[in-house]
Amino acid sequence: MAVRASLARELPEHMAPAAVVALDAFPLSPNGKLDRRALPAPVFGGGAGARRPSDAREEALTRLFAQVLDVGRVGPDDAFFDLGGTSLLAVRLVARVREEFGAELTIGSLFESPTPAALAARLGSTGPASEDALDVVLRLRGGDRRPPLFAIHPAGGIAWCYAGLSARLGPEQPVYGIQARGLAGDEPLPHTLQEEASDYVRHIRAVQEHGPYRLLGWSVGGVLAHTVAVLLQEAGEEVELLALLDTFPAEQWRERAAPEEGDALTAVLRMAGFERTHEQDKEDVLATLRRAGSPLAGLSDRTLSKIVDIVPNHARMMREHRHKRYDGDLLFFTAAAPRAEDWLTREAWRAHVTGAIDNLDLDCTHPQLMRDRPLDDIAAVLAARLKELDA
């Protein structure tokens, strides 16, 4: 505990370790490099001075947290996302809590109450959950001392993927996920990205009426973030940060063959951690997403079907979109692992921004951007940029 406290005073919050393990020596591979697989698993919440669960509910939740996170022990005050929890693991945890307690719990509840103690208090409350995990605006991280960061969803329409990023930015940095409309309802899908972005501007301004605004987007969400930034500037508002995660302008896709239904089904399954066989049609994919062990199993059939429809709709709208120019700099993150689409390049954004393009190359593929190591690098750069803006 003393080591963690000392490091927390010296390091930015997203870099402070959640656990410290003492070793006599680092395990090395035969070629002299660190053997990561031989490192012992960290134990969370077990240090001197850590309190024990105060009741049976806290005890059960610490057990469920540890099982889902696959760690030795979790304390009642340890935060799920600070211990390496991801959006998909969060879905799994919520499903386990629902099964054990019979509670009407949402992912939004876990974002707001990320520790076993806080979640136990929520389960003991008779009131309804204050957030819906499928709303257009989902608060991923609280705090009101700093301007919020708005993170716009990728192609599947769900912004849960930013949970790990929001945890690394610290509790004082509010982060709001922007999600596709109609995930839990009957609203029609948008016809154009301009229509969708205009809708998001309205929701963003309901949270923060005036700028300066801070926007981020991954994949399709980056094109939407750029479009939202332009619309805000056209309304006379200031946008002080536009960060894009491996996102490329719409015209780079326009001359390429449009994806078929199978491509969309493959993308949806990969979002949930599965690979698709060529024989699986839409009903087969939905059955896979529903089955036990699927991180999306807790979602309704209507929502799962909507996600499957949202992906190809975004692909179509991307090919029809026409960019306007954003007046400002661009913070860009490139998934720099070799890819088949070598024609995808951030340099294409120079036609759509007036300022500089500041880039960080990441040693990962596009789907791996929200994994631990790329997230650490993204958060470090993003946190430093946000700190500069706050100064």
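In the predicted model described here, Leu-23 counts as partly exposed, its relative accessibility being 36%. This leucine is placed in the loop that runs between helix H1 (2–10) and helix H2 (56–69), and together with Phe-26 and Leu-28 it forms a nonpolar patch on the surface. The accessible area of Leu-23, Phe-26 and Leu-28 together comes to about 330 Å².

A second surface patch is negative in charge and is formed by Glu-261, Asp-281, Glu-283 and Asp-284. Within this group, Glu-261 belongs to helix H10, which covers residues 261–271, and Glu-261 is classed as exposed because its relative accessible area of 53% lies over the 50% that the term requires.

With regard to the chain as a whole, the protein contains 13 helices and seven strands, and buried residues account for 49% of its 391 residues. The area that the protein chain exposes is about 18700 Å², of which carbon and sulfur atoms supply 50%. When contacts between residues at least 6 apart in sequence are considered, 72% of them join residues that are at least 24 apart.

Attention may next be given to the buried residue Ala-151, which is located in strand S2 (residues 149–152) and has a relative accessibility of 1%. Because a residue is called buried when its relative accessible area is under 20%, the value of 1% places Ala-151 in the buried class. Leaving aside residues up to four places away in sequence, Ala-151 touches Ala-159, Tyr-162, Tyr-176, Gly-177, Ile-178 and Leu-216. The C-alpha atom of Ala-151 is separated by 7.2 Å from that of Val-175, a residue 24 positions away along the chain.

Charged side chains were examined as pairs. Side chains of opposite charge can pair when their charged atoms come close. A search of the whole structure finds 21 salt bridges, and one of them is formed by the side chains of Arg-339 and Asp-246, with a distance of 2.8 Å from N to O. This pair links distant parts of the chain, since Arg-339 lies in the loop between strand S6 (330–335) and strand S7 (357–362), while Asp-246 lies in the loop between strand S5 (239–245) and helix H9 (251–254), 93 residues apart. Arg-339 counts as partly exposed at 25% relative accessibility, whereas Asp-246 counts as buried at 2%.

Another salt bridge is formed by Asp-361 and Arg-346, whose closest N and O atoms are 3.9 Å apart. Here too the pair links distant parts of the chain, with Asp-361 in strand S7 and Arg-346 in the loop between S6 and S7, 15 residues apart. Asp-361 is partly exposed, with a relative accessible area of 47%, and Arg-346 likewise counts as partly exposed, with a relative accessibility of 25%.

A further salt bridge, between Glu-388 and Arg-385, has its closest N and O atoms 3.8 Å apart. Both residues lie in helix H13 (residues 372–390), where they are three residues apart, about one turn of the helix. Glu-388 counts as exposed, its relative accessibility being 55%. In addition to these pairs, Arg-146, Arg-214, Glu-240 and Asp-390 are linked in a network of salt bridges.

Technical notes
Residues are numbered from 1 along each chain as its sequence is written. This is a predicted model: local features need pLDDT of at least 70, side-chain atom pairs count only at pLDDT 80 or more; totals for chains, interfaces and linings use all residues. Side-chain values use heavy atoms; hydrogens and water are left out. Patches are made of residues with over 30% relative accessible area and no salt bridge: like charges are joined within 9 Å, nonpolar side chains (Val, Leu, Ile, Met, Phe, Trp, Tyr) within 5 Å. Accessible areas come from the Shrake-Rupley method with a 1.4 Å probe; for residues, only the protein chains shown count as cover. A salt bridge is a side-chain nitrogen of Lys or Arg within 4 Å of a carboxyl oxygen of Asp or Glu. Lys and Arg count as positive and Asp and Glu as negative; His and the chain ends are not counted. The place of a charge is taken as NZ of Lys, CZ of Arg, CG of Asp or CD of Glu. Helices (H or I, at least four residues) and strands (E, at least two) are DSSP runs, numbered from the N terminus. Buried means under 20% relative accessible area, exposed over 50%, partly exposed in between (1.4 Å probe, protein chains only). Contact means heavy atoms within 4.5 Å.
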